[in-house]
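Notebook open, model loaded. I want to start from one side chain and work outwards to the packing around it.

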Amino acid sequence: AEFFAPNPARRPTCASVAAHTLYEKSHPNLFHLPGGILDTTATEFTQLSERRVGIRGTRFIPTGPSLKLEGAYCVGHRVVSVLPLRTLQGVPEDVPVYGRNAVEAVPVPKGLSEMGILVVVRSQDRQSAKDVAGVARSSLLHYHYPGRKATSGNVAFPFSPSEVEVPSAQGLGQPPFTFFFLAGTRDPLFQGAWDVTRASVLALVESQLPIAFRRCEVSFHVASAAHPVAVVETVAP
């Protein structure tokens, strides 16, 4: 098979195509599909030209018919509390805290650090705030930075949907419509490129939604071990 980029401004490489095979996968080499498993263990990628990549060696292993069932139901009402902390003293170990255990439940390995990102979008126009928050979230999730190995996502989100709408803040001296999202990572390469990534994400949002962007106030807040932020989610019937 061959992969090529229809957009002349794009240039696929062996690394970028191979990285995309890891997208939203529970296993790096096995991809379960209706009727079989796609096995990329022996897959080879070859740069055929500046805009073409060859792919060979992938196997499809038939498993017979399969059926996938999905469902959802309402379990109650949810309240999300984002709590900047001065100290972790007295904070239970099972409470997610960016800078400690919000990205993964296990402690941060020696030599690494955990980074939390809170992005807040405020506007006089609800749709503008919602749209800007959504594009900022997707841009942050997929923005390329030096050393990135996979395209499946740069950061982890604690909630789904990722964007949370805050009740109207009218009368508090702030724009009435607010959306925010939380994200986090332990990747040192992403953290090292944060200043450039943040500026680039803002530029991308402005270029894609120029009118909505001008209507919004966008702020980024970073959490770390030195500036921890706890996240408490409460669900009640």
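**Starting at Ser 128**

I looked up the side chain of Ser 128 and found a polar contact with the side chain of Asp 125 at 2.7 Å (a pair of N or O atoms within 3.5 Å; within protein, one must be able to donate a hydrogen and the other to accept it, and residues adjacent in sequence count only if both atoms are side-chain atoms). Note to self: this is a predicted model, where local features need pLDDT of at least 70, side-chain atom pairs count only at pLDDT 80 or more, and totals for chains, interfaces and linings use all residues. Numbering runs from 1 along each chain as its sequence is written, and side-chain values use heavy atoms, with hydrogens and water left out.

Is Ser 128 buried or exposed? I get 3% relative accessibility, so Ser 128 counts as buried (under 20% relative accessible area, 1.4 Å probe, protein chains only). Beyond four places in sequence, Ser 128 is in contact (heavy atoms within 4.5 Å) with Ser 123, Ala 212, Arg 215 and Cys 216.

**The helix around it**

Ser 128 sits in helix α2, residues 126-142 (a DSSP run of H or I, at least four residues; strands are E, at least two). Other buried residues of α2 include Val 132, Ala 136 and Leu 140. Among the elements covering the buried residues are β9 (115-123), α5 (210-214) and β12 (216-223).

**The core**

I then checked the largest nonpolar core (buried Ala, Val, Leu, Ile, Met, Phe, Trp, Tyr and Cys joined through side-chain atoms within 4.5 Å). Of its 26 residues, those touching the most other members include Ile 117, Leu 140 and Trp 194. The largest share, 7 residues, comes from α2.

Definitions and conventions: Buried means under 20% relative accessible area, exposed over 50%, partly exposed in between (1.4 Å probe, protein chains only).
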